[in-house]
Every structure is written in C-alpha cells, then in structure tokens.
Amino acid sequence: MSTDVDVTYVESPAPGHGRLRPRACFGSDVPAVDLDGDWRFRLAAGLGDLTAGFQEPGFQDIGWDEMPVPAFWQLNDYGKAAYLNIDYPFPVDPPRVPDANPTGEYRRGFELPADFPLERAVLRFEGVDSCFAVWVNGVLLGDGKGSRLPTEFDASRAVRHGRNVVAVRVHQWSAGSYLEDQDMWWMSGIFRSVRLLARGLEDYFVHADYDHVTGTGTLSVETTAPNARLSVPELGLADVDPAGPYTAAVQPWSDEAPKLYEGELVVDGERVPLRIGFRRVLVEDGQITVNGRPILLRGVNRHEWHPRTGRTLDRETMLADVLLMKRHNVNAVRTSHYPPHPDFLALCDEHGLWVIDECDYETHGFESLGWAGNPSAEPVWREALLDRAARMVERDKNHPSIIMWSLGNEAGDGENLAAMAAWIRGRDGSRLIHYEGAWRSCAYVDVYSRMYAGHEEVDEIGRRVEAATENPADDAHRRAIPFIQCEYGHAMGNGPGGLRDYQDLFEKYPRLAGGFIWEWIDHGIEQTDEDGVTFYAYGGDFGEELHDSNFVADGLIFPDRTPSPGLLDFKKVVEPVHVTVAADARTLEIRNLHHSRDTGYLRWEWNLEAGGVEIAAGALEIEPVAPGESRTVAWPKEAVDPAADAAGDGELWLTVRGVLAADELWAEAGHEIAWGQGRIEADAGADAAAAAARQAATSAAARTPEVADGVIRLGDATFDAQTGVLRSIGGIDVEGPRLDIWRAPIDNEVWGEHGPRHEPLNSRWHGAGLHRMHHKTLGVSVAENGLEVRTRLAAAAVGFGLDVLYRWATDEAGVLWLDVVVDPYGAWTVPLPRLGVALTLPGEYDHVEWFGLGPGEAYRDAANGTRVGRYRASVAELQTPYVRPQENGNRHDVRWARITDAAGDRGLSVLGAPVVDVSVKPWSTRELEAAKHRNELRPDGRIHVHLDHAHQGVGSAACGPLLPEKDTLHAAHAEFRIGFAEIDGES
Ligand code: GAL
C-alpha cells in the first residue's frame, strides 16, 4: 500500500478521531475564512493508489485537476453515481468495504491575515461523504465520518499567518457507509461548505417555553461562556445574564405564525445573533399539542436534491423548496433521512414549517439478512450511533421549527436506538422522539409512527382498536400516544391517488396527527442527449452493477421543481380551510382547520360561470372563523338568483376562493389557499329536458347511411364498409375510433405487488395480452337510422375478451353520435387499465379547448386539484413529463372538447354524454410505453386522441396499499356515448 499514513480509520466503526465536541451551528462575527471554491483534486482508485505526501504543503499538485467544494465528484466528471434503494452496493461484511474504494485527494491553499488568532483556529466541515482525514500544513488534525453531520477540528497547532495548505482525503466507502443506506444516490465528496474560523463562544442552548394559559414565554439561554450577556430588545432584555429565566407576555411560534424574537449574545466582543421562537411541544390526551392545541401534520418527506448538484444545495434552492411547500399548503417536513443543510432549518423557522429532524442513520440492507449483524443492535456501533444523535441534536437544538427528533430510518430495532433516544431525552426534553422502526413496541418513542399503512389500518389506529403489541406495558404506552404516518402517498410517477381518503381519517380521529407524503422531489440527474434534449437519469443509467431503476423518482415535484399534478392534488386535499358550496341549501360553509390562525388573513372571492364563461363575480365579506370552528353564510345574491337566460349557456357553477388578503413572507396577496365549487341547478329540470331533447333529436333526425365503393356514408362521415371503422368526418381524415383498453402502465402498476402472487399489475396485464388486443369484425350492418358494427376484442392465446357494439347515428344538428356497448366474455382475471375509444387525427390539430375538470390532469382518485371550467392548451402542454414516461395527461369529466388547429377554427368537436375523459397526445401509447426517458418521445405526426368512459385509479401501490376496490376498473358490462362534429371555420 503506497501510503504514508494510517488508513485504519476507514474500516473502523469509530465515528472519528481528533474531533471537537459537537455544538450548535450558528453565525457570529468571529474571524473566518471561507474555504469553498475550487480545490486541487485527484481521484485515487483505492487505498492502494493514494498519493504519498499529498498532504505536505510543498507537494507539487501542478497538473492535478480542479474540483469545486462543495460538490460531489460523481457530478463533476469523476466516477459515477449509483442508485440503490435497500441493498448495499458492496458485500455486507461490516465494517469492511471494497478494495475499490475511490478516494478523492483534495488540496487548497489559503491565507490567514496577520491578525487572525491562530490559537483559536477551528476547521469546520458541514458535510463530507462518507469518511475523511484532514491535514493542515502537513499536520494531521484527525478523521471523521457521518456524512450529513458537521465535524470540527482544532487547527491551532497547525495554522500560521500567511499561506497555509489544507489537504483532505475523502473515501467513498467506509465503515460509516453501513450506517448510511438511505434510499438515494450513492455519491461522494466534500458536499457542504468548509470554513476555518476562530473559536469564540463554544455553544449555547436556547430554552424558550410558552404557557398558552397565561400567554407567557419563559426564556433561558444556557451558554458555555460564564461572561456571556444577552439582549432581546423586543422583550426589554438588554445586556442581561443569559441564564435568566425571564418571563414576558409573548407571541408564540407556530407554523402559521412563526414569530421570532431577534436577540444577541455578546461574549468577549463576539456577537452571536439569535432568533428565538417560544413554543411548548407535548403529548396530551394522546395528541401532539403545540402551545396547548393539537397539530395536524400536512407534511412531506424531503431529501435534499438538485438535478445538477445532487445533495449540494444553495440557499436559493432551499428557499425555493420552502416557498413551494408553503404555497401548496404543506405545513411540515420530515428531513428524510438525515439532517439537512442548517440553512434549510433556519428557513423553516422563519417561514413556519413543523420539522421532524432525522438522524443520518439507515441500515435497511441488513433486512435481507434477517437483520443479522444490524448496527442498531451491535455494541460495537453504539459509540458511532450516539455520536450521530449528539451531532444532530447539538447542531440543530436552537431551531424552534423542530418539534421531533427522529433516530433515523429503516434501521431495524435494537438497544443502540433505545440508547440514542435516552441520550436525546436527557439532553433535550422539549421535543418528542420519533422512530418508525420501533412501531411494534414504541417502547422508546413518543409517537406511534408507521409507513404506508393502508386506510383500514389507519382507521383502526384512529379508533384505538389496533391489534395489541406483545408486551402489555408497551401496548398501554403505544395506545396512549399519537399516531403519524411518517410516509404515505408514494408519489412515484402518475399519482398518488387516494389522498383524500387518508386526509378524511386524519381529520376525523384526534389520535391521528397527519403524515408526510413520500416524497418531495424526484431525484433525477439532469442529462442532455445528442440532440440537445434534456432528460433526467435514474438508477441503471450509469451502468450500476445493481440498481433500483426509477424508484428514485417518486416526488411531488419534478427534478426541476415544477409541481406535478400530485402536488396540486395534495394542496387541495390538505387545505387548512374547507369551503363547501352547498347547492341544495344555497349556503357556503367555511371550516377552519388551522392550528391557531383565524381566517381573517383570507379575502373571499366568488364567481359564477355559465359553461365556463364568467357571468358574475365579486367579493364576499365573511367574519373571521376561529381555528376549529365553522361558519355558514348565504350565497351571493347573484348566485341564488342567476340571470334568467344564464342557464341556456351551459352548466352554472359557483366558485368561492379564499386568497391571501395581504402579502405573506412566502406568497403575495391574492395567492389561493382554499376553494370550493358547487353547481347551481338553475332549473333542475332543464338538464334532463336538454338530454331528452338530444336523445329525441338523434332518432328524429337520423339519416340513413349510403353504401358505395366500399365506403359507407352517414351524414358527412364516411366509414370503411368492411370494418365499419370511421375514416373521415367532413374534411378531417380520422383513424378510429376503436375500443381501447390499454394505457402505458404507470409506476404504481409496474412496481406495485398486486394479486395473490405479488405480481405487479403490469406483468399480469402483459400476461393477459391487454397491450396487444386484436379487433375482429363480426358484422357491419346498415339500418335505416344508422350504422351498427359488432366486433370482438381479444388477445392472442387467451379465451377471454370483450364484445363491442358500436352504434352510429346523426342528429339534426349534424352531430355524429357513437354509442358503445361493451360486454366481457370468458374468464377475466385482471382489471382494465382504461375503457374508451381511441382515434388519431392529422398532426395540425394540436390544440385543445375543453369544458370540464382542469386545468391539469386528473384521474378518478386524484382529481382534487382540478375544478370545472373552460380551458385551452396545446397538445404539448397537455403532456405531464413524468421522469419515466407513462400514462398521463388525462382530462377528467369533460363535457365537450374542441381539438383544433392553433387558430382554433378547424378541427373536431367531441361531446360527452354527459362527460368523457379526454387525453390527446402527439405519440401513441406504444411509443409512450416503450420510452424509458422523456427525451425518447418525439411527435409522430399524428394526434392520438383517447376518449375514455373510465380509467383504473392511479393509487399509490408502488410502495403502499393496493388500489381500493372503489377505484378499480373491472371488466364488466358498460355503455357510453360520445358525439363528434367537424369544426369548420367556414360554417
Ligand atoms: C420507504 C423508505 C424511503 C423510500 C420509500 C420508497 O420504505 O423509508 O426511504 O425508500 O420507502 O420510495
């Protein structure tokens, strides 16, 4: 081994050597040198390939490359990122790691000014993945592990005024890697900032309690400096002993009103700014309370991610996350599965988000070994685990937003976890302790936490009738504590569906404190193909030996932070104020689910639309509703009594919106928080009468088809006389419509374990041949009032299929009506992906206007974020760019749609009877299904139109319960009707 240093630390379970004791992360005006920027860099292949003497100040690194700090080398041309969910990418042989252990050798020079107090020099690393050793001017300071935690070294004996050289050796694999088996990309490097600073105040701990009965805050700041002085001007504290305690009437801190008191500690001329939030977190009567009131967590699991820089984030990106969360009614974050960059927590304090801060600890890869040798239970790892707990708590203890400490994720169970909990409790009794892996006993945690529990289980827990645990004492404890779903609603690809069902339970049972969607963002890595088209890479794209494919892309926002339809659905489901527009009573109910905010911050707006066109609008004065209360008010008079002729223009809808009355830190005035919509049956009979009239018109005006030259003519439509398939409507050449039951399987169908043999639905569907159905024409018959085509749809090699009857007729308005009757035959064992008809149109018809739910995509179990209105979009805009292409873009409950050219005056009009689902794509289902990344999809020159009677729900089965029965589309008798008409600008 060509090394002049001891590298035994790499495979040692010890957390590090030569480190300073952990302490809070805080700013101050002590002298400091920022060491971020370009460092000299070489990547050694393993410990046998290290550069002798690289740490010496005189070492010649000319010819070495440069590597930015903070950054991951795999995203900067060295090595490759690798994605695995559960398994370790190396043999499970702790604490050993592979010989092929890429090791980054980093060097940089820096100047220390003549007045820098050398004897106080501290070298601080905010995050290095996974293990490192540090030298300054050739003097070894120590080594460390714990990638997402800070490490400090005393540098006083090594630094000098003038030029210094810092050298860091970073190992991709170490004993620490066994503790960091989170579901994410394996990447390495100095990925958070590095600073050399002068030691001043070592540490402080703000204790800021709030008594909601008296409205009093009690403040005491523990410091390591006996001569520290505290000032908090707003509380009238000037230059006082920080220990206090001081009491004063204060405004408490909460996610909704994140009041921070600015203060300052002064020690020997050093000034340390403080931001103090008063609050009290407790479990009371089996509920999580803050400041005496129960909280409901509308949360997300957040990994740190940027598609170009990985887990290295700048402040702008962290702020973008916080703003996006606040704007989408998210009120809580679990920092899955490691402490985030400290600036993120400061942003949560400032903007108001409840935080579960999670320790950098996961050992999921031991599960397949039956947890044998799991570090959670092995004494040899205890020191490392306690070290991780302490470094998290010490670093983050002064953030009021943190209400729970989480011991880690998916690390089995064991004594070491209990020891972590005990240590944390001893150090900070002001927060709750969370660890999902302890759910069976909950012996050492304060909340009962589960992941992906189905609706029934959550309901049982809500009613406190869940199955008992083995040990009666544990059972009594668990039954008395609140419940959260630390992960649910797996947001992979199209979905999640069924969120409303969970939220109804969370809002119904006091014991349920809500949950956290898995997860916030897709971890796709931005790539550009040969044609310059951007796409996002996932597992397997970098030639990994083992990988978990696109399981890394399961967020509510796309890698570029564009909200997915799932986030819009969630925003509606978790809105903190429910608005019910009751059509029968002509009233509006406002229900305030806020923790402590009344609705006075909202301005109420309403509008009335006829067929999607606004006919009246205004503001509503609604007295503020207190948290936990409801208020019912009358509709605006224009809605109670709409203009007499309004109903003639289509359905009448009243929409009421609660928007920010004034700017907030996180959104501008006018930003929508809550809304409700209700249909006004201006004349209840009118609809039925219109439908009846339409029906009558169809028969009355029915024309008789004419057959000539292999073509059947019906009105201005032509059909193939052999197959009965429509060929044209007026001047538009069409192919189809024909029955279509196939959709490009979504991730929940590809990954979910449906069926008795845990077989994904997608493979069961492929097994049944649903992706390769054949149409067999049984008969084409021309009758006096239209055309009848009988067909069968079935796949090769199977004995089941669908009998399909198409009945075509025209009405007096020239609308061509299609009635479809579907009857399954044979033994069906799978549900249908979709049930509808598909046709194609010439490529020029690439715009759609519709009246129905919108503007975004919606499916039967994920339609909350859409509302009835009139919308227009280009076909390109109708596509939802999931990282792995799959079924997307469906517009739900469409009353009518116009598929036209850009000008909007030529094309095809489609009528639902009363509604139809519409998706319009520039490529076929086959192409969509075959594509692995979105750049592989290119328009094929035709417009592919899907008009669906029904879809299978989207659910959350990739990692969660199976689709509930109510959202399943069984092969069963079905009838539906769709109208078609040419749109011709001339007419
Ligand atoms: C959970 C795990 C997450 C993630 C998720 C699936 O079991 O805690 O980290 O892997 O499943 O996406």
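The following exchange concerns a predicted model of a protein chain with a ligand.

Biologist: What makes the pair formed by histidine 337 and the ligand a polar contact?

Modeller: A polar contact requires a pair of N or O atoms within 3.5 Å, and a polar side-chain atom of histidine 337 lies 2.6 Å from an oxygen atom of the ligand, so the pair meets that definition. An N or O atom in the side chain of glutamate 410 is 2.4 Å from an oxygen atom of the ligand, and for glutamate 487 the corresponding distance from a polar side-chain atom to a ligand oxygen is 2.7 Å. The protein covers 96% of the 300 Å² of accessible area that the ligand has on its own.

Biologist: Which residues are the closest to the ligand, and how many surround it?

Modeller: The ligand is surrounded by 13 residues, of which Asp183, His337, Glu410, Glu487 and His490 are the closest; by class, the shell divides into 5 nonpolar, 4 polar and 4 charged residues.

Biologist: Why does the radius of gyration of the protein chain agree with that of a compact globule?

Modeller: For 987 residues the globule rule gives a radius near 30 Å, and the protein chain has 32 Å, which is why the two are said to agree. Along the principal axes, its C-alpha atoms fill a box of roughly 100 × 65 × 60 Å.

Biologist: What share of the residues in the protein chain is called buried, and why?

Modeller: Buried residues make up 61% of the 987, and they are called so because their relative accessible area falls under 20%. Of the contacts between residues at least 6 apart in sequence, 73% join residues at least 24 apart.

Technical notes:
Residues numbered from 1 in each chain as written. Predicted model: local features only at pLDDT ≥ 70, side-chain atom pairs only at ≥ 80, totals over all residues. Heavy atoms only, no water. Near = heavy atom within 4 Å. Polar contact = N/O pair within 3.5 Å; in protein donor to acceptor, adjacent residues only side chain to side chain. Areas by Shrake-Rupley, 256 points an atom, 1.4 Å probe, with all protein chains shown as cover. Nonpolar A, V, L, I, M, F, W, Y, C, P; charged D, E, K, R; others polar. Rg over C-alpha atoms; globule rule 2.2 N^0.38 Å. Buried < 20%, exposed > 50% of the residue type's maximum accessible area, 1.4 Å probe, protein only. Contact = heavy atoms within 4.5 Å.
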